[in-house]
Amino acid sequence: MEKWYVELRKKVWLIPSIYSILGLIIAAAAGVVDSQLNIESLPEIFYTENALAQSILTALLTALLTMTTFTFSTIMVVLSTYASQYSPKTIKNFITDSFTLRVLGVFMGGFIYSTLSLLFLRGSDQPVISGTVGVIIAIICLIFFAVFIHHVASHIQASRLIERLAKDADGVTDYYFELLQQKGISLEHEGENWDPEPSSFDIQAMDYGYLQFIDFDKLAKKAMEHGLKIEVNVPIGEFVHKATPLLTVYVTSERLPEVRGVNLGDCFLIGNERDVRQDPIFALQKMVEVALRAISPGINDPNTANDSIRHIGRLLGNLSQLPIRSILVVNKDNQGVVKFTLPSYKDILYRTFYQLRHYGKEDVSVLSALLEAIAFAAESAPKHHLEALGEIAQYVVEQAELGAMPDLDHHWLNQKIQAVERMTRL
């Protein structure tokens, strides 16, 4: 079910299609009312003459077509801005924004209503309510259009984008925290709740691309149904090909031929781009790319980069709370049937900072923000991660020529370095 939801939420056409169907239903309902009921018994404000209704709907049809064209043009401008100034990976954050899709849906639904209502009004001279409904739809579309302009003006700001990306990253952390609280989820205790059979076989990926999603519930259900123990070998977000061993399946040797045909591939979702739902590294990577683009010579906006980096520090503090042991989906006897491991905290730190460190080494403000982010992460990190945070702080300033800096810059960075050392001291 969750796999189906992940695939469906990526479809840009879904929400506009729903509103288009709604417009069709309203047009059909108005047509039935006009043809079957005595409209003249209603107050005059609820109906118009047929000719006036056709004039209203014709004007509405033209206006909605113009507004839809303008909306599409605005969306394309915003997408170009996202791709050129922030990161191509952030385009999806706007194009899949629910309000943007609702605006398109309202305009498309209104267009369909107007077209079908004009079709239903042919050859009729009696009063109709279609024109009045058209006026109501026009007012609704105008309200949505005004709010859309405000929506675009606020969403195109770098600070709002960074806030939304940080919210996505918080969502990944919350997903795993909630997963750990569920019944049937446990951490691996060596020799206690994970005791696989000595015989096993690997299951390769059926396609190439990024591992976007794993349906752990479905995988565990199949494992218990067929008496298997399954270990996930590839972390979410990794690029796989058809020879990549996604799973190792443990089973008694005599049952190996019997269970090789079990279909476990439908528990995975592999696509041509990464998905943020279960992938903490990708959630951070989008914020890193915004920062990298901001400190590039072509844009030269270090303040935006520093804002993104400080948010990254807070998010790294949250991710440090995730378990370092493997996570198990257990059966009713509290024995693990599915085992998977989250990316190590050291890997997350390195993949977050290695590009920022390289491209920001000559900017004192960026180096300062990087050290502040590490200090932020250390404030909430458990003790077993403090050493890794201290190492990454040394790595960040390793190539910075501190001795060649002006005295004030050197003094400022030394303060930040000392603050990190205090926070990461065991």
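The exercises below, each with a worked solution, concern a predicted model.

**Exercise 1. The open sheet**

Work out the strand order of the open sheet, and find which strands stand at its edges.

*Solution.* Begin with the order, which runs S5-S3-S7 across 3 strands with antiparallel pairing. Next, look at the ends of that order: strand S5 (239–240) and strand S7 (268–271) each have a single partner strand, so one side of each is left without a neighbour in the sheet. Then turn to the pairing of strand S3 (residues 209–214) with S7, which is antiparallel and extends over 4 bridges. Within this pairing, Tyr210 has Gly271 of S7 as its bridge partner.

**Exercise 2. The setting of Arg274**

Decide whether Arg274 is buried or exposed, and identify the polar contacts that its side chain makes.

*Solution.* Locate the residue first: Arg274 belongs to the loop that lies between S7 and helix H10 (280–294). Its relative accessibility is 11%, and since buried means under 20%, Arg274 counts as buried. For the polar partners, follow the side chain of Arg274, which reaches the backbone oxygen of Gly237 at 3.4 Å and makes a polar contact with the side chain of Asp279 at 2.9 Å. Finally, widen the view to residues more than four places away in sequence, where Arg274 touches, among others, Tyr210, Ile281, Phe282, Gln285 and Arg351. Tyr210, one of these contacts, is also the residue bridged to Gly271 in the sheet.

**Exercise 3. The second largest pocket**

Establish which helices each supply at least two residues of the lining of the second largest pocket, and how that lining divides by residue class.

*Solution.* The pocket has a volume of about 180 Å³. Its lining includes Tyr19, Leu22, Gly105, Val106, Val133 and Ile137. Helix H2 (14–36), helix H5 (98–120) and helix H6 (130–155) are the elements that each supply at least two lining residues. Sorting the lining by class gives 7 nonpolar residues, 4 polar ones and no charged ones; glycine is counted as polar in this sorting, and Gly23, Gly105, Gly109 and Gly110 are among the lining residues.

**Exercise 4. Two asparagines with positive phi**

For Asn300 and Asn334, find the loop in which each lies and state its degree of exposure.

*Solution.* Most residues other than glycine have a negative phi. Asn300 nevertheless has a positive phi of about 55°, and phi of Asn334 is near 65°. Asn300 sits in the loop between H10 and helix H11 (302–319), and at 57% relative accessibility it counts as exposed. Asn334 is placed in the loop between strand S8 (327–330) and strand S9 (336–340), where its relative accessible area of 43% makes it partly exposed.

Methods: Residues numbered from 1 in each chain as written. Predicted model: local features only at pLDDT ≥ 70, side-chain atom pairs only at ≥ 80, totals over all residues. Heavy atoms only, no water. Pairing = 2+ DSSP bridges. Buried < 20%, exposed > 50% of the residue type's maximum accessible area, 1.4 Å probe, protein only. Polar contact = N/O pair within 3.5 Å; in protein donor to acceptor, adjacent residues only side chain to side chain. Contact = heavy atoms within 4.5 Å. 1 Å grid on protein atoms, 1.4 Å probe; cavity = no way out; pocket = protein on both sides within 12 Å on 5 of 7 lines; lining within 4 Å. Points joined across faces, edges and corners; volume = space filled by probe spheres on them.
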